Amino acid sequence: MAAPARAWAWLRRNALPLYAGLAVAYMLIPIVVIAVFSFGATPKGKLTFGLDHGFTTEYWTSAFSLPELNDALLTSIQLAALSTAIATVLGTLLALALVRHRFHGRRAANLLIVIPMATPEGVIGAALLSMFIYSSVALGFSTLLIAHVMFSISFVVVVVRSRLIGFDRHLEEAAADLGATPLTTFRTVTLPLLAPGVVAAALLAFALSIDDFVISNFNSGTTVTFPLYVYGASLRGVPVQVNALATMLFVASVIGIVLVLWQQRRAERMATRLDPVPAT
Amino acid sequence: MNLRQRLVPYWLLGPGLLWLVVFFVVPMYFMGELALRSGSLTTGYTFSWEWANFPDSLSGHTEQILRSFFYAGAATVLALLIAYPLAYAIAFRAGRFRLLLLFAVIAPFFTTYLIRTLAWKTILSDSSPLVGVLQTLQLVPEDGRVLATSGAVIAGLTYNFLPFMILPLYANLERLDLRLIEAAKDLYSSSRQAFLRVTLPLTMPGIIAGVLLTFIPAFGDYINAQLLGGTQQAMVGNVIQSLYLNQRDYPEAAALSFLMMALILVVVSLYIRFAGTGAFMGDEDEARG
């Protein structure tokens with residue numbers, strides 16, 4: 001067989017993995033670009049394309065040296081922590097009600113949880129702003145908090161709910177049979193088993209909050225979060241430190257996810273080891 | 001069951017649903033109210049059943065609305081073409097790399113949306129080698145640019161919403177019963193026929209979910225048009241944002257977002273009629289509820 005024909009045959013056989021590989025590369029290009037250009041020296045410290053001015057770690061060592069950027073990051077972290085805490089509690093309670101109980105108005109409750117996820121962020125932000133304008137509420141951290149909790153709740157419900165559906169209720173019945181009160185059962189049986197789902201939901205809520213630009217842009221007033229800072233900077237030229245920080249955030253989230261996955265796997269392994277009741 | 005037990009679900013639902021009602025449903029009401037006001041920024045806006053705001057908001061921005069349909073539609077089709085083979089490969093051919101590949105697919109979520117769009121701005125900028133290659137291949141005119149064109153905005157939308165296409169497709173494909181494809185082959189169908197008549201119809205729910213989850217946010221997005229487009233690429237999201245925050249023409253802005261919300265409610269309720277709310281939540285039990 002001639003070489004071109006063989007190459008063609010190989011290409012046909014491996015078309016799918018090749019295509020998938022290219023698609024994955026496409027997904028990762030911007031992340032690589034962000035990381036690489038955080039090491040590229042530029043004359044004015046503003047982001048440009050090309051590494052013509054050489055390699056530098058300057059922007060990594062000075063990552064926390066821009067006061068405005070630090071304030072914005074701090075605001076974002078506080079906002080994300082608070083909104084995650086509130087949304088996780090409210091969302092977990094909703095998920096418990098939806099999976100564990102039969103009640104009137106179930107469909108309406110489901111709909112009310114689904115629709116915010118299908119609404120474009122711009123509409124959510126605009127509607128909230130309309131209400132804040134009407135009630136003359138001063139825009140700022142509190143309006144941001146309201147908005148962030150609102151858009152996170154539905155996602156928390158979805159994640160916790162999927163965990164609850166595969167839940168063995170016999171364990172709770174066993175606890176009750178052994179004389180545990182409903183509250184003790186919840187604390188010692190339900191919550192520990194639910195924990196991985198709740199942790200995953202909280203991580204998602206945190207990520208959504210810290211990443212949100214559109215809804216925040218409508219309701220922030222003069223408060224500046226990290227994405228709002230980046231947006232403002234993009235009009236004048238983005239300081240390269242932003243890329244260094246983005247890379248740090250990326251690495252931190254990857255480590256966080258890996259730890260959670262590892263912890264879940266370990267928990268599952270322990271569960272399977274304990275599970276089989278020795279035959280006597 | 002006694003009364004106390006029957007009330008338990010309502011206690012659990014209460015706080016969360018209250019938050020959603022007060023900060024999602026009620027704001028929609030105020031947006032509707034704002035849309036029916038008339039006046040100007042200097043005189044203030046007063047409520048006057050100004051129904052004309054709705055047709056006015058449409059006729060003043062037909063160009064941006066049509067463009068939003070076109071851009072979001074193109075990005076959705078491209079995302080489907082990229083995502084389907086990728087999801088298929090991850091589900092059936094990835095072996096022990098499956099988790100790693102899935103991780104790569106959601107990796108963009110761990111960098112801020114704005115920052116990764118800015119990264120595309122750098123990649124597509126005039127001095128970028130990629131644009132040089134495209135020029136050499138004559139895919140872009142010698143002196144042409146990529147940034148500030150429709151292509152750049154569509155590429156940005158495709159990239160940013162691709163994971164929303166891949167994940168539902170993957171979830172659907174992963175549950176596919178491979179014996180059905182074997183059965184089709186045993187009955188002498190070609191690979192092509194098996195794909196078109198077995199795999200594709202069985203993954204239709206995933207395709208529809210992916211299309212909705214990609215199209216809706218892409219339609220409302222304005223970041224990509226703002227950062228990657230020029231003045232000629234504004235979408236309906238840009239119009240709403242600028243009417244609200246720069247021109248402060250609240251009634252027209254509210255009317256336009258209200259119509260957008262109505263359109264999306266129609267699409268979503270049609271979808272729920274066919275698939276149930278569970279399809280959105282990844283819950284089979286609820287799927288036809």
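These are my notebook entries on a predicted model with chains A and B.

**Entry 1: chain B as a whole**

I started with chain B. I counted its secondary structure and got 14 helices and two strands. Then I boxed in its C-alpha atoms along the principal axes, and the box came to roughly 80 × 75 × 35 Å. Next I checked burial: chain B has 289 residues, and 43% of them count as buried. I also looked at contacts in chain B between residues at least 6 apart in sequence; 65% of these join residues at least 24 apart.

**Entry 2: where the chains touch**

How many residues does each chain bring to the contact? I found 70 from chain A and 69 from chain B. On the chain A side, the helices that each supply at least two residues include H2 (15-37), H4 (67-100), H7 (141-165) and H12 (241-274). Which helix gives the largest share of that side? My note says H2(A), with 14 residues. I sorted the residues of the chain A side by kind as well: 57 are nonpolar, ten are polar and three are charged.

**Entry 3: one helix pair across the contact**

Since H2(A) had come up, I looked at how it sits against helix H4 (residues 98-106) of chain B. The two axes come within 8 Å and cross at roughly 45°. Is that roughly parallel or oblique? An angle under 35 degrees would count as roughly parallel, and roughly perpendicular begins at 65. H2(A) and H4(B) are therefore oblique to each other. I also wrote down the hand of the crossing, which is left-handed.

Which residues make this contact? From H2(A) I listed A:Val24, A:Met27 and A:Leu28. From H4(B) I listed B:Leu101, B:Ala104 and B:Val105. Sorting them was quick: six nonpolar, no polar and no charged.

While I was in helix H4 of chain B, I picked out B:Leu102, which is also there. Buried, exposed or partly exposed? I counted 17 other C-beta atoms within 10 Å of B:Leu102. Buried needs 20 or more and exposed means 12 or fewer, so B:Leu102 is partly exposed. I also took its distance to B:Leu20: the two are 82 residues apart in sequence and 32 Å apart in space, C-alpha to C-alpha.

**Entry 4: the largest nonpolar core**

Next I went looking for the largest nonpolar core, which has 153 residues. Which members touch the most others? The list is A:Leu94, A:Ala126, B:Ala83, B:Ala87 and B:Ile166, with names from both chains.

I followed up on A:Leu94. I left aside its neighbours within four places in sequence and noted the contacts that remained. In chain A, these are A:Ile113 and A:Val157. In chain B, they are B:Leu12, B:Leu13 and B:Gly16.

**Entry 5: two residues with positive phi**

Last, I checked backbone angles. A:Ser136 is not a glycine, yet its phi is positive, about 45°. I found A:Ser136 in the loop between H6 and H7 of chain A. With 6 C-beta neighbours inside 10 Å, A:Ser136 counts as exposed.

B:Tyr188 also has a positive phi without being a glycine, and its value is near 70°. Where is B:Tyr188? I traced it to the loop between helix H8 (178-186) and helix H9 (191-202) of chain B. Around B:Tyr188 I counted 7 C-beta neighbours inside 10 Å, so this residue counts as exposed.

Terms used. Residues are numbered from 1 along each chain as its sequence is written. Chains are lettered from A and ligands numbered from 1 in the order in which they are written. This is a predicted model: local features need pLDDT of at least 70, side-chain atom pairs count only at pLDDT 80 or more; totals for chains, interfaces and linings use all residues. A nonpolar core is a set of buried Ala, Val, Leu, Ile, Met, Phe, Trp, Tyr and Cys residues joined through C-beta atoms within 7 Å. Two residues are in contact if their C-beta atoms, placed from the backbone, lie within 7 Å. Helices (H or I, at least four residues) and strands (E, at least two) are DSSP runs, numbered from the N terminus. Ala, Val, Leu, Ile, Met, Phe, Trp, Tyr, Cys and Pro count as nonpolar, Asp, Glu, Lys and Arg as charged, and the others, Gly among them, as polar. Axes are lines fitted to C-alpha atoms, for helices over the stretch in contact, and angles run from 0 to 180 degrees between N-to-C directions. Angles under 35 degrees count as roughly parallel, over 145 as roughly antiparallel, 65 to 115 as roughly perpendicular and the rest as oblique. A crossing is left-handed if the near helix is turned anticlockwise from the far one by less than a right angle, and right-handed if clockwise.
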